[in-house]
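Visitor: I should like to take a close look at one part of this protein, a single helix, and then to see how the rest of the chain is arranged. Please begin with the helix and work outwards.

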Amino acid sequence: MKATRDIYLLYIVTIILLTAACGRNGWRDSANRRMRTAYETGQKHFEKGEFPQALSYYYQADEAADTTDGDCDYGTLSRVHGQIARIFIRQGAPNNALKELRLVAKYADRAGDTTMLTAQLEESANAYILLNHTDTVLPLRVKASEMYARKGQIAASADALCPAISVLLENQENDKAKRYIDLYEKMAGRMDSSGYVLVTAKRFDCIKGTYYLNTGREDSAEYYFRKEIAASATAQDFMDGYTGLYRLYDRQGQKDSLAKYARLSAEMNKAYYRELSAESSQLVQTVYDYTHSEQVAAQKTQEAARAEKAILLIVLGVLVLFACVYGYIRHEREEREENWNRYRQSMAIIKQAKTDIMMLQAEGSEKQQLIAEKESVIEQQKKALETAARKIHLSDKNERQLLASDLYGRLSSCAAKGIAASPADLQELRHAVTETFPKFHDFMTTHQQQLNISEQNTCLLTRLHFKPSDIAHLLDISPSYVTKIRMDLNRKLFHEEGSAKTFDKRIAEFY
């Protein structure tokens, strides 16, 4: 019985653990899936130039990520923060961008994504350009270009050089800038490892124009500035070309052209900042909404953690209470069984001592000392008998006399030896129970027609506290059949469904 109960408890614990594991795996898959979906939606908006909407979805992707899980998709998460950084750089918020780029490096490193680590260097250089930390830009961009080149990504390696060249030209380091211009043009037209052919970037025309302007080759400078304007599609591209021509004509002293391109540059500058301002206002609202949602999410997380802790404490409390109740019931049952064994043992010792005294008395007066010893044993066992009777709540005097009788002793001996009781002993037991328990006798007489002989004998033996295994021996039937009889008797006599133990308790109430 104990083994069955332990197996059942182990089964319950296993089910709980498996359910928790499955739930955890389901959450993990769901977190990565939700992050990727939000990121992909953000990318669609980014490609359309809808940066506020893109930023909103990138924030959703970041919220969906579960960084506490070892199977978190850190590669996608690093790209999420990379795109947020690009938007911040576009909006002139380099400090916010650098904060995001530190997260890019952290998550890309966990994912082992060297491409994102290289891209992080490029974007960091862009942020430092906005901060006017030009000394930091060149080594970052050169390192990024070298890393792309080692991977065979020629186009990316070349593109990484453009901002570095601009910084060198701004600092009038024209010879050094020329080396990188030559390297860039050397890569143009080549196919990289992914099959991509590098086409000279539009803004590279402006870079070359600036180089020629710095080195006094004004005709070449004008050519490339005008080429930049012809290929321009955005206000920023136009502004770069117009600004280049403005600087050229300022140097040449051409006042009419100077005024024209100053006006055009100013108009493009206004247009560019109008676009930027509109985007920025939306982005500020998006960042505010995200910050607010972060606060709400943090509050909900704290509430959920407190609730989870409370539930855990309640569950632990219930388990401890269950263990205490179970331990108490088991202890009481074992103690009661032990007291019954002591009671039966004391009765057997008393019976044997009385038999020995009768034999010693028949042998003569010289056995008086042995007789006195046996009488002392009887007195000691009577005290032990009284103590055991109190502990098993055996207060009825008639019942105690029946349990101390020779008949009960014979039945106990048969049960201990595993042999069946004789029909004569069972019949004698019926008469003894009739005299000892009148209410029990009346109850059995009322239901006698409903019960067969095995059921009647089971009632008698159960009422006299015989264990189910002892009843099986005395009636020469199987223990499982004894259990079935007791459950059937519970239904027949008390008109209720219940366990065999419920029947034992109910039948013991009759005296």
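Which residues are buried in α2?

Guide: In α2, the buried residues are F51, P52, A54, L55, Y58, Y59, A61, D62 and A64. Here buried means under 20% relative accessible area, exposed means over 50%, and partly exposed lies in between, with a 1.4 Å probe and the protein chains only. The model is a predicted one, in which local features need pLDDT of at least 70 and side-chain atom pairs count only at pLDDT 80 or more, while totals for chains, interfaces and linings use all residues. Residues are numbered from 1 along each chain as its sequence is written, and side-chain values use heavy atoms, with hydrogens and water left out.

The length of helix α2 can be checked as well. Helix α2 holds 14 residues (51-64), for which a rise of 1.5 Å a residue gives an expected span of 20 Å; the C-alpha atoms at its ends are 20 Å apart, so the two values agree. The expected span is 1.5 Å times one less than the number of residues in the helix.

Helix α2 belongs to a protein with 22 helices and zero strands. These elements are DSSP runs numbered from the N terminus, helices being H or I over at least four residues and strands E over at least two. Of the 511 residues of the protein, 39% count as buried. Contacts between residues 24 or more positions apart make up 58% of those with a separation of 6 or more, a contact being heavy atoms within 4.5 Å.

Salt bridges come next. The whole structure has 14 of them, each being a side-chain nitrogen of Lys or Arg within 4 Å of a carboxyl oxygen of Asp or Glu. One of these joins R86 and E123, at 4.0 Å from N to O. This pair links distant parts of the chain, since R86 is in helix α3 (residues 74-90) and E123 in helix α5 (residues 114-130), 37 residues apart. R86 is partly exposed because its relative accessibility is 39%, whereas E123 is buried because its value is 17%.

Helix α21 takes part in two further salt bridges. Within this helix, K484 and D488 are four residues apart, about one turn. An α-helix has 3.6 residues a turn, so residues three or four places apart point the same way. The side chains of K484 and D488 meet at 2.9 Å, N to O. K484 is partly exposed, as its relative accessibility is 44%, while D488 is buried at 14%. The other bridge joins R486 and D504, at 2.6 Å from N to O. Because R486 lies in helix α21 and D504 in helix α22, this pair ties together parts 18 residues apart in sequence. R486 counts as buried, since its relative accessibility is 5%. Elsewhere, R410, D425 and E428 form a network of salt bridges.

The loops also hold residues of interest. H495 lies between α21 (479-494) and α22 (500-507), and its phi is near 55°, a positive value in a residue other than glycine. With 66% relative accessibility, H495 counts as exposed. H465, in the loop between α19 (453-463) and α20 (468-475), also has a positive phi, near 70°. H465 counts as buried, however, because its relative accessibility is 18%. A third loop, between α16 (406-417) and α17 (423-436), contains G418. G418 and S469 are 51 residues apart in sequence, yet their C-alpha atoms are 9.1 Å apart in space.

At the surface, the protein exposes about 29,300 Å², of which carbon and sulfur atoms supply 54%. I311, L312, L313, V315, L316 and L319 make a nonpolar patch of about 560 Å². V315 lies in helix α13 (residues 255-363) and is partly exposed because its relative accessibility is 39%.

Finally, confidence varies along the chain. The average pLDDT is 76, and 74% of the residues score at least 70. Residues 1-8 fall below 50, and this stretch has two contacts in the model beyond near neighbours in sequence. The pLDDT is the predictor's confidence in each residue, from 0 to 100. Residues 17-28 also stay under 50, with seven contacts beyond four places in sequence.

Terms used:
Patch = residues over 30% accessible without salt bridge, like charges linked within 9 Å, V, L, I, M, F, W, Y side chains within 5 Å. Areas by Shrake-Rupley, 256 points an atom, 1.4 Å probe, with all protein chains shown as cover.
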